[in-house]
Amino acid sequence: MPVDPPPGQPCAPREPAPRPDPDRRPVALNAPVRSLKMLELQMAAGANEVYVALRPPADVAVSFDALPARRDDEPTHVPSTALLAELVTAAHAAGLRVHFCADAPVVAHGHEAAWRAHVGAGVDAGADTVVVGSLAGVARLSGSGIPLVAGLPMGVSTLGYAAHLRDAYGVRRIVVPHTLTLGEITGFCTLDGLEIEVPVQTGAGLDCTRCRLSDIPGVGLGCRAGYTGSQADEGPPADLGGFLDGASDCALCDVPALIEIGVRAMQIPGRESPNVRQNAKITQMYRRAVTGHTAGTPITEVIAAIDRVELMWQMGWLPRLCDQQRCRFRDTPQQRAYV
Amino acid sequence: MNTVEIRLTTTGRLDEALALPADAIGIGQEGCLTKLPDADTLRRAADRVIADGRSFVLVAPIAWPRTADQVCERLLAVATAAPVTIAVNDVGTALTLSSAAPSGCTLVAGLGLTRARPHSGDPDDATPPAPLLDVALLDLLPALRAVEVDTETDTAGAASRQIRQVVDAVPVGWGRSCPTARRHRTGPPDCRPLCDTPYTISAHQRWRLQHGHREPLPAGTERPTLTVWGNAVHAPVRTAPTAGYRILDARRHTPDALAAAVTASHGPAPVPVGR
């Protein structure tokens, strides 16, 4: 049985530490935006791509992307097409690429025309790509000339599926699932003609593509909830804590490895963020790691520098992520339990 | 009369299932390759079931990059030896089997492919709309001739395909990081025996974005009670089955109860689906 990483410490660097390849294309940080203030903060933090979603028409009861209109009472959508156009224009003026999220996991037959119109609104606003959430959605837009991103809800969990999206539908970027190992992501990066985007700083442990535990009334995210219970032969119910929460959120220590295996973009979570400044701070941390690696600075030194100055690191990141071994790509109990 | 399938996870209760008047016997589960018996064991089981005049259903676990090749190899090793049905649970496996499965093999969209549920677009109510069948996805995978769903899924638009309903539980999630293995501080393959016994869990705290802590549920909140078999999370059934093909999960029944459930599930003629 492998030994757990020591709690209370940033992850040890991999040996040998990956060296920057000077010929490698720069990795992008793709950050969430739903307002001009959020865009301003994310740009200042070092994002060079942003993703946005638009509120669906009032007569449609469903969201046309991967989040509900509100999660835990926080809004997730840009409220109007006018603001969307303003955001895209401002992002482009600053040299940022804009991804428009139309990545609903499923579009009911009766909503197909409204979904297409919704996609059209994003394209008309000037978005550079459309993020799609189902194979059917990809097929609907294939051949339209719109650059397509296969989004997280698609659950592209095999190389064969990824190659099919590229070959049959012209998809050029794939957002891989949260729950992949570094070695598995390396496999995706070997596929020619595909950009691989990796979600960082969030996760679930559960397979998000197939989950029906989100937004339970009064409970919210069922994967993060606290549970009591027991196995049949264990005796009376006990407090199991976050029994279903196998999240391995933080990938900061492995930013150099992600860059060197050829990941094209890292996705910062948080369209639903209740604290847009803290959300931008996450982007800033990853920007420091990317910049540090490009400059040849070991990640341990980058993190030591962060540790000296960042209150959020000391008060939030270390105790909640490092101490809890919520390391995305390290040998932790969460990853050892991967099926 | 309804068609009744008994669904087993391993061959451990195969003799018991063969003694019951079920039309089909399935082996496997959606969540985990580790639990799936090896190809030789599956072939022998298929031979016995088919020789007894029943249909044999093989349930493909959801494939991940490191398991995808093994999943397809094991399925094809069985399918090339016997005319089986395979319930496919991810698009990658569906694409592979659509071209590689022998002509006598029937492919069915398993529960892992029929989990689609939109999110709410209502800013005042985040409660998710009812789950529905992604018929457009199925149209892109024409080799899948039937679909497995739970009793809560709206099957409108799927009239051209046979609907097979799992009647014992509603799967609501599968862990890539298996909660049962994690609880026991282990993982595949050592965790294989642990998922024969379920956890019954009840939510008592919620996690909030605003602060990242767990806090007590608000007064009056209905506490979700779930059953966890290995990495599969099931909710109780709230809706009566309507399809003419019914799948019984043997794990949820004692031998006597399973026999009674098979008899009861054959029941009267089915009510047309496609609500």
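Author: Quick rule before we start: a charge sits over a ring if NZ of Lys or CZ of Arg is within 6 Å of the ring centre and within 35 degrees of the ring normal.

Reader: ok, so which ring does the charged end of A:Arg224 sit over?

Author: That's the ring of B:Trp207, with the charged end of A:Arg224 5.0 Å from its centre. Likewise, the charged end of B:Arg164 sits over the ring of B:Tyr245, 4.1 Å from the ring centre.

Reader: what should I know about the model itself?

Author: This is a predicted model, where local features need pLDDT of at least 70 and side-chain atom pairs count only at pLDDT 80 or more, while totals for chains, interfaces and linings use all residues. Residues are numbered from 1 along each chain as its sequence is written, chains are lettered from A and ligands numbered from 1 in the order in which they are written, and side-chain values use heavy atoms, leaving out hydrogens and water.

Reader: cool. how many aromatic pairs are there over all chains?

Author: Three. Rings of Phe, Tyr and Trp (its six-membered ring) pair if their centres lie within 6.5 Å; planes under 30 degrees apart are stacked, over 60 edge-to-face, and the rest tilted. One of the pairs is A:Tyr286 with A:Trp317, tilted, at 6.2 Å centre to centre and 40 degrees between the planes.

Reader: where in the chain are A:Tyr286 and A:Trp317?

Author: In distant parts, 31 residues apart: A:Tyr286 is in helix H8 (residues 276-294) of chain A and A:Trp317 in helix H10 (residues 311-322) of chain A. Helices (H or I, at least four residues) are DSSP runs, numbered from the N terminus.

Reader: and why does A:Tyr286 count as buried?

Author: Because its relative accessibility is 0%, and buried means under 20% relative accessible area (1.4 Å probe, protein chains only). A:Trp317 is buried too, at 2%.

Reader: why is the pair of A:Trp313 and A:Trp317 tilted?

Author: Because their planes are at 35 degrees, with the ring centres 5.5 Å apart. Both lie in helix H10 of chain A, four residues apart, about one turn of the helix. A:Tyr286, A:Trp313 and A:Trp317 form one aromatic cluster.

Reader: new topic: what are the domains of chain A?

Author: Domain 1 is 28-205 + 248-336 and domain 2 is 207-245; such bounds come from an automatic or database domain assignment. Their centres, taken over C-alpha atoms, are 26 Å apart.

Reader: how many salt bridges cross that interface?

Author: The rule finds three between domain 1 and domain 2 of chain A. A salt bridge is a side-chain nitrogen of Lys or Arg within 4 Å of a carboxyl oxygen of Asp or Glu. A:Arg326 forms a salt bridge with A:Asp245, the closest N and O atoms being 3.2 Å apart.

Terms used. Helix = DSSP H or I, 4+ residues; strand = E, 2+ residues; numbered from the N terminus. Buried < 20%, exposed > 50% of the residue type's maximum accessible area, 1.4 Å probe, protein only.
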